[in-house]
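Q: Hi, could you walk me through this one? I'd like the basics and then whatever sites there are.

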Amino acid sequence: MDSDSLDMAAIEGLREQLQARRRDLLAQIEGVDDAARPVELDQQSVGRVSRVDAIQQQQMALANRQQAAALLRNVELALQRIDDGSYGACLECGEAIAEARLRAQPWAGLCIDCQSAREAGG
Ligand SMILES: [Zn+2]
């Protein structure tokens, strides 16, 4: 057996990690929806300073939500690759992605070489 390829047990373990992460992200995104509602403009109950705080918190919440949504998309794509049997192969060069990398980031779609090249190239 090819020592570079993931065995079924390893893939099932990663699938469970991905599913757990997907649940967390969905919960996070839904929670942020609450925080991202329009800032209350009632000046009598909310002072000017705390209104600024609320706007800053809202902007942070939106940024976090965008990050969570991007990660959620990668997690869902990884789950699809497990289902169609292409999981663990680099999307760019087709080489096996190192198992240690997948354990750290089960949603990784690129091997470390292609990921570095992409980050360097912008
Ligand atoms: Zn690659």
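A: Happy to; here is a short run through the fold, the metal site and the main pocket.
A: This is a predicted model, where local features need pLDDT of at least 70, side-chain atom pairs count only at pLDDT 80 or more, and totals for chains, interfaces and linings use all residues. Residues are numbered from 1 along each chain as its sequence is written, and side-chain values use heavy atoms, with hydrogens and water left out.

Q: Cool, how many helices and strands does the protein have?
A: There are four helices and zero strands; these are DSSP runs numbered from the N terminus, with helices being H or I of at least four residues and strands E of at least two.

Q: And what share of the residues is buried?
A: Of the 122 residues, 26% are buried, where buried means under 20% relative accessible area with a 1.4 Å probe, protein chains only.

Q: Switching to the metal: which residues are the protein donors of the zinc ion?
A: Cys-90, Cys-93, Cys-111 and Cys-114, each through SG, at 2.2 to 2.4 Å from the zinc ion. Donors here are N, O and S atoms within 2.8 Å of the metal (3.2 Å for Na, K and Ca); water is not among the atoms, so sites may look incomplete.

Q: What spacing do those donors follow along the chain?
A: The pattern is C-x2-C-x17-C-x2-C.

Q: Are Cys-111 and Cys-114 buried or exposed?
A: Both Cys-111 and Cys-114 are buried.

Key. Buried < 20%, exposed > 50% of the residue type's maximum accessible area, 1.4 Å probe, protein only.
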